[in-house]
Amino acid sequence: MQAITVRDRDAGVGGFTLTDLPHPHAAENDVVVRVHAAGFTPGELTWPATWTDRAGRDRTPSVPGHELSGVVAELGYGTTGLTVGQRVFGLADWTRDGTLAEYTAVEARNLAPLAADIDHTVAAALPISGLTAWQGLFDHGGLVTGQTVLIHGAAGGVGSIAVQLAREAGARVIGTGRARDRDVALGLGADTFLDLDAEPVEDAGEVDLVLDVVGGDVLARSAALVRPGGTLVTIAMPPEVRPRDGRAVFFVVEPDRARLADLAQRVRDGRLKPLVGEVHPLTEAAEAFSRRKRQPGKTIIQVTK
């Protein structure tokens, strides 16, 4: 099978190689998925898990990418709940070969069934972005009806889903981004929008929750906006500045089959529209990773048509 591999941490995206690899083995409670579409996180080449296994041993050449949508091709011993030929989507383990490949082995519990009326490119945009948005808003942020949430990166993969989920929950939503993101964020349901290149984040006023995917100065300055008892949630970095009378939470997304199924149902019902950005073939994965101009939505790699 063909896959994108990386061997040299210092080479970054320049080290991407389209490689012929052996067909993956389905271990106990695994499934092998024929990947139709895959998602990635631009910063994952800096993650230790991209280069080492759980014991810290070098595991290169490794395959990047951790989101997928595809069809079950093989079941490992003891695997239940899924069948060969079934459409699925979900998350690949951080410390195993990922999804920028024609086939990948995934723990069955990290996958959810995918209905035939959801396109694979749409499903591949859901796992990390959808679960991160949900866990950030509700599991860690405790967002409830009537509260105000400030969502940084409101037109991005995580932010665009967070805006929709927060609005459906009855929250007032303030989105941020760049000027070109304004119409996208407002169209998704944000009540107001701040162009952070031209407007200070302080213009948002007091909020109950901040959901940050940006980090840096934006994260630090957002802490002062959190009302007493509120929460600052970030996936960018452990926050160095905390709200005076609130909480600060840094988290890494966790797999959740039941929540994936719920998100997929919301897509089917028309209540959630994942924002798919550019779609590239596997041969253009390096270009997709290295794009410096930020585009709205989630960039997807189409592996198999």
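In this predicted model, six strands line up in an open sheet, and reading across it gives the order 10-9-8-11-12-13, with parallel pairing. The edges go to strand 10 (192-195) and strand 13 (247-250); each has a single partner strand, so one side of each has no neighbour in the sheet. Going from one strand to the next, the twist averages 15 degrees. At the strand 10 edge, four bridges hook that strand up to strand 9, the two running parallel. Within this pairing, T176 sits opposite L194 of strand 10.

Two helices lie across this sheet. Helix 2 (127-140) crosses strand 8 (148-151), strand 11 (207-212), strand 12 (226-234) and strand 13, and runs at about 150 degrees to strand 11. Helix 3 (157-168) takes in strand 8, strand 9 and strand 11, and its angle to strand 8 is about 170 degrees. Strand 8 and strand 11 therefore turn up in the list for helix 2 and again in the list for helix 3, with strand 12 and strand 13 listed for helix 2 and strand 9 for helix 3.Both helices come up again at the largest pocket, which holds about 1,400 Å³ of space. Its lining runs to 45 residues, and T41, P42, G43, V213 and I235 are the closest to the centre. At least two lining residues apiece come from helix 2, helix 3, strand 9 (172-177), strand 14 (276-281), helix 7 (285-290) and strand 15 (298-302). Sorted by class, the lining of this pocket breaks down into 21 nonpolar, 16 polar and eight charged residues.

The second largest pocket comes in at about 180 Å³. Here 14 residues make up the lining, with M1, P24, D97, T104 and A105 nearest the centre. The class split for this second lining is nine nonpolar, three polar and two charged.

Another set of strands pairs in the antiparallel sense. Strand 3 (residues 30-39) and strand 4 (residues 67-75) are zipped up antiparallel over eight bridges, and V35 has G70 of strand 4 as its bridge partner. On to strand 5 (87-91): strand 4 pairs with strand 5 over five bridges, also in the antiparallel sense. One of the bridge partners here is F89 in strand 5, matched with S69.

The loops around strand 3 have a couple of backbone quirks. In the loop between strand 2 (17-20) and strand 3 lies N29, a residue other than glycine whose phi is nonetheless positive, near 65 degrees. The loop between strand 3 and strand 4 holds P61, and the peptide bond that joins T60 to P61 is cis, with omega at about 0 degrees.

As for charged contacts, side chains of opposite charge can pair up when their charged atoms come close. Searching the whole structure turns up 19 salt bridges. Among them is the one between D30 and R96, whose closest N and O atoms are 2.6 Å apart. D30 belongs to strand 3, while R96 sits in the loop between strand 5 and strand 6 (103-107), so this pair ties together parts of the chain that lie 66 residues apart in sequence.

Key. Residues are numbered from 1 along each chain as its sequence is written. This is a predicted model: local features need pLDDT of at least 70, side-chain atom pairs count only at pLDDT 80 or more; totals for chains, interfaces and linings use all residues. Side-chain values use heavy atoms; hydrogens and water are left out. On a 1 Å grid over the protein atoms alone, a cavity is a set of points where a 1.4 Å probe fits but cannot get out, and a pocket is an open set with protein on both sides within 12 Å along at least five of seven lines; lining residues have an atom within 4 Å of a point. Grid points are joined across faces, edges and corners, and a volume is the space filled by probe spheres set on the points. Ala, Val, Leu, Ile, Met, Phe, Trp, Tyr, Cys and Pro count as nonpolar, Asp, Glu, Lys and Arg as charged, and the others, Gly among them, as polar. Two strands pair if DSSP finds at least two bridges between them. Axes are lines fitted to C-alpha atoms, for helices over the stretch in contact, and angles run from 0 to 180 degrees between N-to-C directions. Contact means heavy atoms within 4.5 Å. A salt bridge is a side-chain nitrogen of Lys or Arg within 4 Å of a carboxyl oxygen of Asp or Glu.
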